[in-house]
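The exercises below are to be worked through with the sequence and the coordinates at hand. Each task is followed by its solution, set out in steps.

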Amino acid sequence: MKRSFVIIVLMAMIASGCVTRDFDSNMDLGTSQLHEENYLEAHEAFELAYKEAKTSKAKELMDLSGFLADGMKKYDEQDFKSAQVEFNDASAYKAKSGEGKLLVSKATEMTSVSQSASASIEPGEGNVESKTAEESDEPNSGSLKSSPEKQGEPVKDKPLSEHEAEKLVRAYVDMEKFPQLQIEYAREDKRGNYIFQVFEADQKSKRTGHGATWGWYGVNAETKEVFEVM
């Protein structure tokens with residue numbers, strides 16, 4: 001009887017030790033992933049840790065890393081308004097731990113970045129054709145005066161084409177060394193710069209084919225300078 005009791009106590013201690021080790025290892029893993037800004041992996045690690053021991057710190061880091069993971073995903077998909085919602089939720093979080101406060105600070109920074117990105121997309125972009133059609137219905141719209149080109153005013157071509165700009169970005173990123181990378185033209189900003197997205201191809205994704213975003217790059221059509229876009 002006494003021997004059986006000792007065995008039961010030992011088993012309980014071992015089991016308790018396993019739980020502690022699992023909690024600590026998941027917390028350590030989550031923290032290291034935060035330093036790498038891998039918020040999805042960090043969220044999954046903190047979620048496992050919280051299942052082992054429902055501490056306030058584990059919940060705080062699980063919640064914040066989840067907000068940032070969702071926000072970054074929306075930002076990469078160029079859904080800047082939805083990204084801003086996630087970042088706002090994180091920046092309003094009352095964090096107590098040091099890691100949590102750093103995540104709140106990061107979320108505040110990304111809120112500003114997503115606002116700027118959203119503002120850079122001009123409302124009504126792509127409606128040039130419809131506006132032209134409306135103007136053509138006006139009286140005397142067919143007159144030679146309605147077309148500067150027909151008045152003898154030369155149309156200025158850009159010194160750099162979209163295709164040439166793409167070549168410059170490919171060289172800047174050195175894409176030949178990274179066969180998994182793909183490039184896609186995104187838009188032209190207010191200054192006339194070409195904007196491209198470079199991303200890792202995701203063969204498993206049947207919807208878009210996009211994986212993680214490598215970066216956003218702009219090309220000045222006048223100077224041919226390549227620069228990184230936040």
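**Exercise 1.** In this predicted model, decide whether Trp214 is buried, partly exposed or exposed, and establish which aromatic pair contains this residue.

*Solution.* The relative accessible area of Trp214 is 35%; since buried requires under 20% and exposed over 50%, the residue is partly exposed because its value lies in between. The structure holds five aromatic pairs, and one of them joins Phe178 and Trp214 in a tilted arrangement, with 5.0 Å from centre to centre and 50° between the planes. This pair links distant parts of the chain, as Phe178 lies in the loop between α7 (162–173) and β1 (181–188), whereas Trp214 belongs to strand β3 (residues 210–219), 36 residues apart. Phe178 is likewise partly exposed, at a relative accessible area of 28%.

**Exercise 2.** Compare the expected span of helix α4 (residues 80–91) with the distance between its end C-alpha atoms, then determine where its buried residues lie around the axis.

*Solution.* With twelve residues at 1.5 Å a residue, α4 should span 16 Å, and its end C-alpha atoms are indeed 16 Å apart, so the two values agree. The buried residues of α4 are Phe80, Ala83, Gln84, Glu86, Phe87 and Ala90. Viewed down the axis, they fall within an arc of 165° and therefore line one face of the helix. In general, an α-helix has 3.6 residues a turn, so residues three or four places apart point the same way. The buried residues of α4 pack against α3 (56–76) and α5 (98–120).

Key: Residues numbered from 1 in each chain as written. Predicted model: local features only at pLDDT ≥ 70, side-chain atom pairs only at ≥ 80, totals over all residues. Heavy atoms only, no water. Helix = DSSP H or I, 4+ residues; strand = E, 2+ residues; numbered from the N terminus. Expected span 1.5 Å × (residues − 1). Buried < 20%, exposed > 50% of the residue type's maximum accessible area, 1.4 Å probe, protein only. Arc of directions from axis to C-beta. Contact = heavy atoms within 4.5 Å. Phe/Tyr/Trp six-rings, centres within 6.5 Å; stacked < 30°, edge-to-face > 60°.
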